[in-house]
Every structure is written in C-alpha cells, then in structure tokens.
Amino acid sequence: MTRRALPAVVLGLSLAVTTTVATGVATAVPTSSAVAQGHPSAPEEFVALRDVDPSIVHEIRYTTSHNFVGERIDDYRAPLCLLTRPAAEALSRAQDVLRPKGLTLKVYDCYRPQGAVDHFVRWAEDLDDEQMKSEFYPRVEKSRLFDDGYIAAKSGHSRGSTVDLTIQPIDARPGPTPHSPHPEGSCFGPVEDRAPDASLDMGTAFDCFDVLSHTDNPAITGEARVNRDLLVDVLAAEGFTNLPEEWWHFTHKPELFPSTFFDFPVSRASLVAR
C-alpha cells in the first residue's frame, strides 16, 4: 500500500513562482507575509518523501562534508528528500516491492536547488581544490569534469522528479560518516575499502566519477551486477528512467516540470511557507 502525504501546515503564506525565459530557473516571488517569514516556498506539487513513506532511508550527502566537494553544499538546510508527489509515491510503491525481500531504498539526493548546482560549478572551476580527489575522482583530471559531463550548469534534480538512491538491507547498521577523504580506498575499490555505507554493493560508491559508474559497464559483474539490475528493474516498473552514466540516478516520467529549474532551499520551511 502506498502511504499518503500528511496534511500540509497552512501558515497563510502565498508565493508565486516565476521562470526566467532565458535560463528556465524558477525563482520565488514572495508576498509580504512570506517576506516576513524570510523563506521562499516550493510549488504545491512538492512533498517531503518522509511524509509519503517514512520507511525509506535518508542519507542526504550534501548536508554533510562527505561528498566530492568536501563541504556542506549551499541551500541544503536539512537532510530532507523533497520531490514532486508522483515521484515520491512511485518510490513508495517500489519500496513495497523491496520490503518483503528484507530490503529498503536509501536516498542520497532528491530535489537540488539551482544554488547548490552553482556551488558545484564554482568548486569545479577551482582547479586547486582537490581534497576529495582520492576518493571520488582519482582517475579523472579535475580540469575535465565539465567536458566529461560530471559537472554541468543545470541539473535535472532541480526539476523535482529526479532522485539518487540505492538499496540496503532493512536491518543494516550504517557506519560512521567520514568527514575527510577516506584513507583506505577510492570509490571504485573493493567494497570493504570504501567509506562505510551499509548499502548493497553496486560496484562503485555513490557519486563516483568514473566509467565504472556507468550502469551497464560490462566490468561490473557478479553480486554488484545483480544488485544494479534489481535497482533498475524495481524502479523502471514504477516509471523511473535511469541515467546510463550513473547507476544511482533516476528520473520519474512524465516529469511535472520538464523545463523548470527551481531554486528554493532543501528545508521543511520550503513546504510550509506556501
């Protein structure tokens, strides 16, 4: 059974969303009450995944320093997964398939503000900052991140129907989250040498900038191949399309906002201030 969203808290705030034609970036235009609250809001079609299905595990990496940048990312104000309602409800249906197998979905990232994407771009342009290279992109020169497609000025995540996720055992015990480059091994090394994650082995870690992260890479075999195929199959059955270059990246189709890139913060307040 798919869990339904809890009622939204109504604060009497209203906000219009306008889209700049040249960029497609939607910006919040608050009324005077929203200005007083000091927080832009999401369109009413957005929900918190926890309100739809609290059983799905959250490990929102960009609220921590354990990511390829090495610091908390701009506009990630809370470890929440915000998505359009159809995408969230589709994840809940996929969770219903995995639960009897003793497995659960775990989300790493969901809606991503344009401000966070801008943070990634600034980081990629700073070629001297390579503190996380040994873990996340050991075989890629930082000067190649744009040309090779690892970093871009726009992200499908900002449209609200894209999610980065994996599968882990329901009874998994997550290990400590490192706050600096993992000393033992890179994101594509043996699973026992990667940063603790508690998820099923997918052949690489999340956000591994390497060709081994390509979903159908033939070098990924055995248990990791079985696990990738399970993730793809369970999500495809609920309308999600995988990005071939990233085994963890899925977009629910049809998208509610196929050409709008939003820029409200990842925060509970983005949902209640509307």
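Start with how the chain contacts itself: in the protein chain, 74% of the contacts with a separation of 6 or more come from residues 24 or more positions apart. Keep in mind that this is a predicted model. The chain has 274 residues, and 53% of them count as buried. As for secondary structure, you'll find seven helices and ten strands. On the outside, about 11,900 Å² is exposed, with carbon and sulfur atoms supplying 55% of that area.

Now for the charges. Side chains of opposite charge can pair when their charged atoms come close. This structure holds 17 salt bridges, and a few of them make good stops on a tour.

Let's go to lysine 106 first. This lysine pairs with aspartate 197 in a salt bridge, with 3.5 Å between the closest N and O atoms. The two partners come from distant parts of the chain, 91 residues apart: lysine 106 sits in strand E6 (residues 103-109), while aspartate 197 belongs to the loop between strand E7 (162-169) and helix H6 (222-236). Are these two residues buried or exposed? Lysine 106 has a relative accessible area of 1%, so it is buried. Aspartate 197 comes in at 14%, and because buried means under 20%, it counts as buried too. The pair doesn't stand alone, either: Glu59, Arg61, Lys106 and Asp197 are linked in a network of salt bridges.

The loop between E7 and H6 has another charged residue to look at, aspartate 210. Its salt-bridge partner is arginine 139, and their closest N and O atoms are 2.8 Å apart. Arginine 139 lies in the loop between H5 and E7 and aspartate 210 in the loop between E7 and H6, so this bridge ties together parts that are 71 residues apart in sequence. Here the two ends have contrasting surroundings: aspartate 210 is buried, at a relative accessible area of 4%, whereas arginine 139 is exposed, at 53%.

Stay in the loop between E7 and H6 and find serine 186. What does serine 186 touch, leaving aside residues up to four places away in sequence? Its contacts are Ser134, Glu135, Pro138 and Arg194. With 14% relative accessibility, serine 186 counts as buried.

From there, move on to helix H6, where you'll find valine 232. This valine is partly exposed, with a relative accessible area of 23%. Not counting residues up to four places away in sequence, valine 232 touches Thr215 and Phe250. Asparagine 242 is ten residues from valine 232 in sequence, and their C-alpha atoms are 6.9 Å apart in space.

One more salt bridge is worth a quick look. Arginine 99 and aspartate 96 meet through their side chains, at 3.1 Å from N to O. Arginine 99 is partly exposed, with a relative accessible area of 31%.

Finally, turn to the surface. Asp126, Asp128, Glu130 and Glu141 form a negative patch there. Take aspartate 128 as one of its members: you'll find it in the loop between helix H4 (114-125) and helix H5 (133-136). Is aspartate 128 buried or exposed? It has 76% relative accessibility, and since the cut-off for exposed is over 50%, aspartate 128 counts as exposed.

Methods:
Residues are numbered from 1 along each chain as its sequence is written. This is a predicted model: local features need pLDDT of at least 70, side-chain atom pairs count only at pLDDT 80 or more; totals for chains, interfaces and linings use all residues. Side-chain values use heavy atoms; hydrogens and water are left out. Patches are made of residues with over 30% relative accessible area and no salt bridge: like charges are joined within 9 Å, nonpolar side chains (Val, Leu, Ile, Met, Phe, Trp, Tyr) within 5 Å. Accessible areas come from the Shrake-Rupley method with a 1.4 Å probe; for residues, only the protein chains shown count as cover. A salt bridge is a side-chain nitrogen of Lys or Arg within 4 Å of a carboxyl oxygen of Asp or Glu. Lys and Arg count as positive and Asp and Glu as negative; His and the chain ends are not counted. The place of a charge is taken as NZ of Lys, CZ of Arg, CG of Asp or CD of Glu. Helices (H or I, at least four residues) and strands (E, at least two) are DSSP runs, numbered from the N terminus. Buried means under 20% relative accessible area, exposed over 50%, partly exposed in between (1.4 Å probe, protein chains only). Contact means heavy atoms within 4.5 Å.
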